Amino acid sequence: MEAARALAELVLKAKSTDEERIQLAFVRLTGRRPEPREFGVLQRTLEEQRIEFRKDVIAASKLIAVGGSKADPDLRPSELAAMTVCVQTILNSDATAWKR
């Protein structure tokens, strides 16, 4: 989860739109751009998580506190938590799976 949060912090600072942020995270983790279906799933995930974490800021704060490094205090906890879940979704996808 901490790795997902670190990449979420990077994309939130580097890009200004959800589309750019999702694209950057996906390329960083998979080496390619997401297909339209993949992008749609990630965009919906981000939007849903954003709504949930805005309602429950305590849950957002708990999520971004996982790990040894501190979350960036300049980022809103609800936004960082939502993007963290989005990045974790990419990490858990078939697009990042390696075959042996």
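Is Arg50 buried or exposed? In this predicted model, Arg50 comes out at 11% relative accessibility, so this arginine counts as buried. The cut-off for that label is under 20% relative accessible area.

Arg50 has a charged partner to go with that setting. The side chains of Arg50 and Glu79 meet in a salt bridge, with 2.6 Å from N to O. Arg50 belongs to helix H3 and Glu79 to helix H5, so the pair ties together parts of the chain that lie 29 residues apart in sequence. Glu79 counts as buried too, because its relative accessibility is 10%. The pair is also part of something wider: Asp18, Arg50, Arg54, Arg76 and Glu79 are linked in a network of salt bridges. As a rule, side chains of opposite charge can pair when their charged atoms come close.

The count for the model comes to 8 salt bridges, and two others are worth a look. One joins Arg32 to Glu38, where the closest N and O atoms are 2.8 Å apart. Here the two ends sit in unlike surroundings: Arg32 is partly exposed at 31% relative accessibility, whereas Glu38 is buried, with a relative accessible area of 14%. The other pairs Lys55 with Glu52, and the closest N and O atoms in that bridge are 3.6 Å apart. Both of these residues lie in helix H3, 3 residues apart, or about one turn of the helix. Lys55 is exposed, its relative accessible area being 62%, and Glu52 is partly exposed at 43%.

Lys55 turns up again where helix H3 (residues 36-55) meets helix H4 (residues 57-64). The axes of these two helices are 5 Å apart and the packing angle is about 110°, which means that H3 runs roughly perpendicular to H4. On the H3 side, the contact is made by Phe53, Arg54 and Lys55; on the H4 side, by Val57, Ala59, Ala60 and Leu63. Sorted by class, this contact has 5 nonpolar residues and 2 charged ones, with no polar residues. Arg54 therefore has a part in the H3 contact with H4 as well as in the salt-bridge network described above.

Phe53 leads on to the nonpolar interior. The largest nonpolar core has 24 residues, and Phe53, Met83 and Val87 are the ones that touch the most other members. Helices H1 (2-14), H2 (18-30), H3, H4 and H5 each supply at least two residues of this core. Helix H5 gives the most, with 8 residues. More broadly, nonpolar side chains tend to be buried together in soluble globular proteins.

What does Val87 touch, leaving aside its neighbours within four places in sequence? The list is Ala4, Leu7, Ala8, Ala25 and Leu29. Ala4, Leu7 and Ala8 fall within the span of helix H1 (2-14), and Ala25 and Leu29 within that of helix H2 (18-30).

Thr84 gives another view from helix H5 (residues 77-91). At 1% relative accessibility, Thr84 counts as buried. With neighbours within four places in sequence set aside, Thr84 is in contact with Met1, Ala4, Arg5, Ala8, Leu63 and Ile64. Ala4 and Ala8 are thus in contact with Thr84 and are also among the contacts of Val87. Leu63, for its part, touches Thr84 and is one of the H4 residues in the contact with H3.

Technical notes. Residues numbered from 1 in each chain as written. Predicted model: local features only at pLDDT ≥ 70, side-chain atom pairs only at ≥ 80, totals over all residues. Heavy atoms only, no water. Helix = DSSP H or I, 4+ residues; strand = E, 2+ residues; numbered from the N terminus. Buried < 20%, exposed > 50% of the residue type's maximum accessible area, 1.4 Å probe, protein only. Contact = heavy atoms within 4.5 Å. Axes fitted to C-alpha atoms, helices over the stretch in contact; angles between N-to-C directions. Parallel < 35°, antiparallel > 145°, perpendicular 65-115°, else oblique. Nonpolar A, V, L, I, M, F, W, Y, C, P; charged D, E, K, R; others polar. Core = buried A, V, L, I, M, F, W, Y, C linked by side-chain atoms within 4.5 Å. Salt bridge = Lys/Arg side-chain N within 4 Å of Asp/Glu carboxyl O.
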